[in-house]
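Dear colleague,

I am passing on the structure we spoke about, and my notes on it follow below. Please read them with the coordinates open.

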Amino acid sequence: MTYVVTENCINCKFQDCVTVCPVDCFYEGENFLVIHPDECIDCGVCEPECPADAIRADTEPGLETWLAINAKYAARWPVITEIGTVPADAQDWNGRPGKAAFLITGEAPAEPQARKPVYPSGDEAPAAQREGYEVDGAMVAFPEAGADTAPVELLPRDSEEDDGFEVDGLRVTP
Ligand code: SF4
Ligand code: SF4
């Protein structure tokens, strides 16, 4: 068993989790943290510390993809043990569905459409920015929040040459 950082960390990256981990097994990407599954001792103290409720035990169903992402990038990204800069718009991203499209892995230049758009606070955001994001020239709407929200389809690629994701049927190369 291990704990896993999941989608809602993307672009929030509050980093409260790193201050409590007794074995320093968090690793830092540009807009996401991961847990090294072989270093995590399953103590669970990080889970309630996350303001974005992004940390889960891998015994929960449906976390296979996020576990694979945690394992893959924990082996590539640097360890993080102290809180650095929290994104100024972290709360604007907290709870926003569809954030998998914005995961930046650093393995390839981010496509312009995969980069994080800037969301002004609250009602200042243009309607188009509040409702979705652009991928490969197509507009992908953020799923409606609620119980019947369809999960974002996120498929990590195995090969180094073909690294990327499918999000809602559209290809995203971070
Ligand atoms: S506290 Fe949660 S949102 Fe913040 S960096 Fe850790 S996992 Fe990500
Ligand atoms: S469960 Fe414990 S060891 Fe594992 S990442 Fe969280 S704080 Fe670190």
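Which of the 13 residues around ligand 2 come nearest? In this model, which is a predicted one, they are Tyr 3, Cys 21, Cys 40, Cys 43 and Cys 46, and the shell to which they belong has eleven nonpolar, one polar and one charged residues. Around ligand 1 there are likewise 13 residues, of which Cys 9, Phe 14, Cys 17, Cys 50 and Ala 52 come nearest, while that shell divides into ten nonpolar, one polar and two charged.

Turning to the interior, the largest nonpolar core has 32 residues, and those touching the most other members are Val 5, Cys 9, Cys 17, Phe 26, Leu 33, Val 34 and Ile 35. At least two residues of this core are supplied by each of β1 (3–5), β2 (26–28), β3 (33–35) and α1 (64–74), with the largest share, four residues, coming from α1. Both domain 1 (3–74) and domain 2 (95–172) contribute to this core, at least three residues each. Leu 33, leaving aside residues up to four places away in sequence, touches Val 5, Cys 9, Lys 13, Gln 15, Cys 17, Phe 26, Tyr 27, Glu 28 and Ile 80.

Two backbone details may also deserve your attention. Asn 11, in the loop between β1 and β2, has a positive phi near 70 degrees without being a glycine, and this residue counts as buried because it has 23 C-beta neighbours inside 10 Å. Asp 42, in the loop between β3 and β4 (55–57), is also not a glycine and has a positive phi of about 60 degrees, but Asp 42 counts as exposed, because it has 11 C-beta neighbours inside 10 Å.

With best regards

How values were computed
Residues numbered from 1 in each chain as written. Chains lettered and ligands numbered in written order. Predicted model: local features only at pLDDT ≥ 70, side-chain atom pairs only at ≥ 80, totals over all residues. Near = placed C-beta within 6 Å. Nonpolar A, V, L, I, M, F, W, Y, C, P; charged D, E, K, R; others polar. Core = buried A, V, L, I, M, F, W, Y, C linked by C-beta atoms within 7 Å. Buried ≥ 20, exposed ≤ 12 C-beta atoms within 10 Å, placed from the backbone. Domains from an automatic or database assignment. Contact = placed C-beta atoms within 7 Å.
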